[in-house]
Amino acid sequence: MAMEKNMLEDELRKFQEEQEKELGLDQAGKHQWFDPVPRRFLAKDKASTTILFGGLTMAHDYLVEGALSGLGYRVRHMDCPDSESLRYGKEFGNRGQCNPTYFTVGNLIKYLHHLRDVEGKSKEEIISNYLFVTSGSCGPCRFGTYVTEYRKALRDAGFDGFRVLLFQQTDGLKQATGGESALKLDTSFFISFLKAVLLGDILNAIGYRIRPYEVKEGSTDAALARCKELMHDALSRRKSLIPTFIRCRKELKAVKVDRTRVKPKVSIIGEFWAMTTEGDGNYHLQKFLETEGAEVEVQSVTAWILFLIWSGLYDTRKRMSLRKADAGGKGLKGKNPVATLLMLALADRGIRLIFQTYARMIGLRGYHLPDMEEIARVANDHYNNQLRGGEGHMEVGKLILNVVKRKVNMTISVKPFGCMPSSGVSDGVQSLITERYPDAIFLPIETTGDGAINVYSRVQMMLFKAKQAAQKEFDEALTRKGYAGEPLPSGSTANNPLHASRHFVACTAANAVYEMPGGYFNWRPFGTKKKRMENAKQN
């Protein structure tokens, strides 16, 4: 019996080999494909090599350039990707990629073409004296293959051998850069980069808060431009930031505003790149919403850092209770999980403290970074916290909290066409959320780079509902404060560009009315909880 079985297996193996040879699938003598990675950036080349990067908001990219320049690097941030970048990306990239890949790799190739065709640099000079830094990760999407797409497109565009340095989001400072590497991921590098990220978030938050209510069009952007220059100079020269904060605060405080204008507040969430970029990659969505009369709430890069810290805390807690995992009795063999939890908790607290310190000195008050534990808790019933990819459960949690806490009048989830993690959430889970929370005004949109008219039309239709919701909140505020049909008092805090009204509802104009004297809501917005309750009982 055993002999017959062996004979049968031999015949099957022989038949398989014959078929593979006939079909050209014979693997004899062939080796696994290997992608050579030109990643060396030696200390001796530091003075002659320019580091190219981009991908965050324009404020972030500019300030990161200043921070890294202060560390002695030659750095240049690239412009925000546009439709021309998309064309380059589709010409030299693989088919079927998502927008972030096409736009970012196309933007790099466009810039290298500019160096070669306009500035007259040779291919050899570009490859020797320039490199590109980008982030990477793993998960249920194509983000993990971006770096391979970069190299494929660069090779086809005539820049074979151009260096692309990849840093995994989850590795941080642990990445080995080599003893002779010019790029030192030390504490100084991390702190400088973190400062630039925090300041970029703060300037963006102030800009989106003031710009919709400015009296003179363009005054907010002009003040922000001066602030960016001051911060870039301070970071590049490694000077104290305190004098810069004071000057920036004066610049921003000089902008005249009128926050009694009724505008719906719209939150943009979704896939990280699509919701962060400010160009053709999301059809200039932030600018379009403001043009249509909305106040935009954008997500901060700091929130993403806090999410990564939360993920480390969550995973460590889970693994601590696993037996026989990682070859240890309680898992995490060779490590101290309690120390890890303490370190991550301190990192979370430290980042929040530094952010709020900077924010208050510049003039951003009443701004709250998201509570990651709260987001995870409200989202977990609908989207498991252990599922990772893209924003994970955050998109679900943000929408629920936006509705329950009346944080915004409308929520837009933007993602690239075919984005697997985000599309599964927006088109699947969020439909259940909107059924359970009927007050939610939610719009998921996909970007392809050439569908602006369709997206604008859908946004305008949903924005009409948001405007009605904001007007209703404003009218209720007027009635409760006794100003229905009456002029609002002049000289109120609604004319202070750096003032943040206490939160009652989503509409900023309604919150400004609630702060005015008279009516049911007659407590000081920043008083103690006990005092507010006493005033509420008296009224």
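Let's start inside helix α8, where the buried residues are Ser219, Thr220, Ala223, Leu224, Cys227, Leu230, Met231, His232, Ala234 and Leu235. Keep in mind that you're looking at a predicted model. From α8 we'll move on to a sheet and the helix that packs on it.

**Helix α8**

- The cover over the buried residues of α8 includes α2 (58-69), α7 (187-210), α9 (242-253) and α13 (337-362).
- Here's a handy rule for reading a list of buried positions: an α-helix has 3.6 residues a turn, so residues three or four places apart point the same way.
- You can check the length of α8 yourself: its 19 residues (219-237) should span 27 Å at 1.5 Å a residue, and the C-alpha atoms at its ends are indeed 27 Å apart, so the two agree.
- Right after α8 comes Arg238, which has a positive phi of about 60°.

**The four-stranded sheet**

- Four strands line up as β6-β5-β7-β8 in an open sheet, and their pairing is parallel.
- At the edges sit β6 (295-297) and β8 (442-447), each with pairing on one side only.
- On average, neighbouring strands in this sheet are turned by 25° against each other, direction ignored.
- Zoom in on β5 (residues 265-270) and you'll find three bridges joining β5 to β6 in the parallel sense.
- Lys265, for example, has Glu295 of β6 as its bridge partner.

**The helix on the sheet**

- Helix α17 (residues 452-481) packs on this sheet and touches β5, β7 (410-416) and β8.
- Compare directions and you'll see that α17 makes about 165° with β8.

Key
Residues numbered from 1 in each chain as written. Predicted model: local features only at pLDDT ≥ 70, side-chain atom pairs only at ≥ 80, totals over all residues. Heavy atoms only, no water. Helix = DSSP H or I, 4+ residues; strand = E, 2+ residues; numbered from the N terminus. Expected span 1.5 Å × (residues − 1). Buried < 20%, exposed > 50% of the residue type's maximum accessible area, 1.4 Å probe, protein only. Contact = heavy atoms within 4.5 Å. Pairing = 2+ DSSP bridges. Axes fitted to C-alpha atoms, helices over the stretch in contact; angles between N-to-C directions.
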